[in-house]
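Please examine the sequence and the three-dimensional structure shown here before reading the report.

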Amino acid sequence: MKRILLIVCDGLGDRPVDSFGGKTPLQAANKHNFDWLAENGICGLMDPIAPGVRPGSDTAHLAIFGYDPHECYTGRGPFEAIGAGVKLEPGDVAFRCNFATVDADMKIIDRRAGRIASGTEEITSTLDGTEIGGAEIVLKPGTAHRAALVLRGKGLSWKVSDADPHETGKKVLDVLPYEEDAKRTAEIVNEFVRLSHEKLADHPINATREKEDKLPANIILPRGGGIWVPLRSFEEKYGLKAAAISGVTLVRGICTSVGMEMLDVEGATGGLDTDMMAKADAAMKALESKDFVYMNIKAPDICGHDGLAEEKVKVIQRLDEMLGGVKRQLDDETILAVTADHSTPTEVGDHSGDPVPLMIFGPGIRTDQVAQFDEISVARGGLGHPRGSDLMNMLLNLAGRAERFGA
Ligand code: ZN
Ligand code: ZN
């Protein structure tokens, strides 16, 4: 039985870029390690969820890990909360929140409270552990201006709208129930928002911020509510002891949810400045004791959202160097897969429903005619046009770990 290393380059897939003469960033990049692996491995063009479906990073990861997002996903709240270190219980309803700044009319001055970066622990502790309408409030700080809100108790529903209007100058929204059973939850969230404004108005952290000419974090705005549905672990489902490396809270939440051990790597930031080589080295080291190691690199997605095609090419070239490092350390006991969770075309500035390139490399694996790793070339590959939900089956088969179906 072989071990598996899965590298997901977040948002790597793209579309033709005018300034590159119609080439995609992958086609325009100088990337001999990607191409060597494509030439000596087997490739395909993968729909992370289904043809044309525009995936979120969360739903795409669930699909790629073999969990049907239509069954286990109601919102990103629970995964953000788990990623932020909250231990959820079945029936918990979780939201992602922003610390924000509002004026006296409850109009948004800044959705990120001046990108507040410190003191959020003290702010959340004023509300953490309190009770509203019979529900326990769990409130934990996330990175920067983000926080996770969990409502714990009986009879809660996730079918409520957002308090966050998502726009400066707009008023904080009343949270509305989407169905009769969600009325009480909506009331609890509205009371939470009101209480957060009341308690934060005179908070010492904000007094200090105002002295320093910084915007106060005078309200907390929940959105993206979802109910926590426990998932079978990777070990139970596939018999794989798994570890994961990612600097992104949401992805960490998904990995933790399926029982992967999160590895912290110094220099792994989830940003453009992330130390890719340190991540790769940590992944190779983890393979000594794990059957499956997952690694996410967020940088290409960031370039896609910001419309930075040139920067995306540079990121691809850094990824290529990293793959060179991985290649040098690969042994005959490891299957390597490289793909993306979705396309984030720079000319779209958001996730699109275009399929993503997929490459699998390892000992004894068939090859194909593909010698370049890009969206166009891999379409002729031997893996054809699978969906994300097929990936784990393909990897288990090639690793000699698949159970026979039938006699
Ligand atoms: Zn993503
Ligand atoms: Zn994205």
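The report covers the metal sites and then the helix contacts.

## Basis of the model

This is a predicted model, in which local features need pLDDT of at least 70 and side-chain atom pairs count only at pLDDT 80 or more, while totals for chains, interfaces and linings use all residues. Residues are numbered from 1 along each chain as its sequence is written, chains are lettered from A and ligands numbered from 1 in the order in which they are written, and side-chain values use heavy atoms, with hydrogens and water left out.

## The zinc ion (ligand 1)

The zinc ion (ligand 1) has as protein donors D10 (OD), S57 (OG), D341 (OD) and H342 (NE2), which lie 1.9 to 2.1 Å from it. Donors are N, O and S atoms within 2.8 Å of the metal (3.2 Å for Na, K and Ca), and since water is not among the atoms, sites may look incomplete. The angles among the four donor atoms run from 101 to 129°, and the site is tetrahedral (four donors with all angles between 85 and 135 degrees).

Along the sequence, the donor residues follow the spacing D-x46-S-x283-D-H. D10 belongs to the loop between β1 (3-9) and α1 (25-28), and H342 to the loop between β12 and β13, so the pair ties together parts that are 332 residues apart in sequence. Helices (H or I, at least four residues) and strands (E, at least two) are DSSP runs, numbered from the N terminus.

## The zinc ion (ligand 2)

The zinc ion (ligand 2) is 4.6 Å from the zinc ion (ligand 1). Its coordination comes from D301 (OD), D301 (OD), H305 (NE2) and H351 (NE2), at 2.0 to 2.6 Å, and these donor residues are spaced D-x3-H-x45-H in sequence. Because the four donor atoms subtend angles of 55 to 144°, the arrangement around the zinc ion (ligand 2) is irregular; that term covers anything that is not tetrahedral, square planar (four donors) or octahedral (six), the latter two requiring opposite donors over 155 degrees apart and all others between 65 and 115.

## Helices α3 and α10

Helix α3 (residues 57-64) and helix α10 (residues 249-257) have axes that come within 10 Å and cross at roughly 30°, the axes being lines fitted to C-alpha atoms over the stretch in contact, with angles from 0 to 180 degrees between N-to-C directions. The two helices α3 and α10 are therefore roughly parallel to each other (an angle under 35 degrees). Their contact (heavy atoms within 4.5 Å) involves S57, D58, H61 and L62 of α3 together with L250, V251 and I254 of α10. S57 is also a donor to the zinc ion (ligand 1).

## Helix α13 and its partners

Helix α2 (residues 32-40) packs against helix α13 (residues 309-329) at an angle of about 55°, with the axes 7 Å apart, which makes α2 oblique to α13 (neither under 35 nor over 145 degrees, and outside 65 to 115). On the α2 side the contact is made by H32, N33, F34, W36 and L37, and on the α13 side by I316, L319, D320, E321, L323, G324 and K327.

The axes of helix α11 (residues 276-286) and α13 come within 9 Å and cross at roughly 30°, and α11 and α13 are therefore roughly parallel to each other. Here the contact joins M276, M277, A280, D281 and M284 of α11 to V315, R318, L319, E321, M322, G325, V326 and Q329 of α13.
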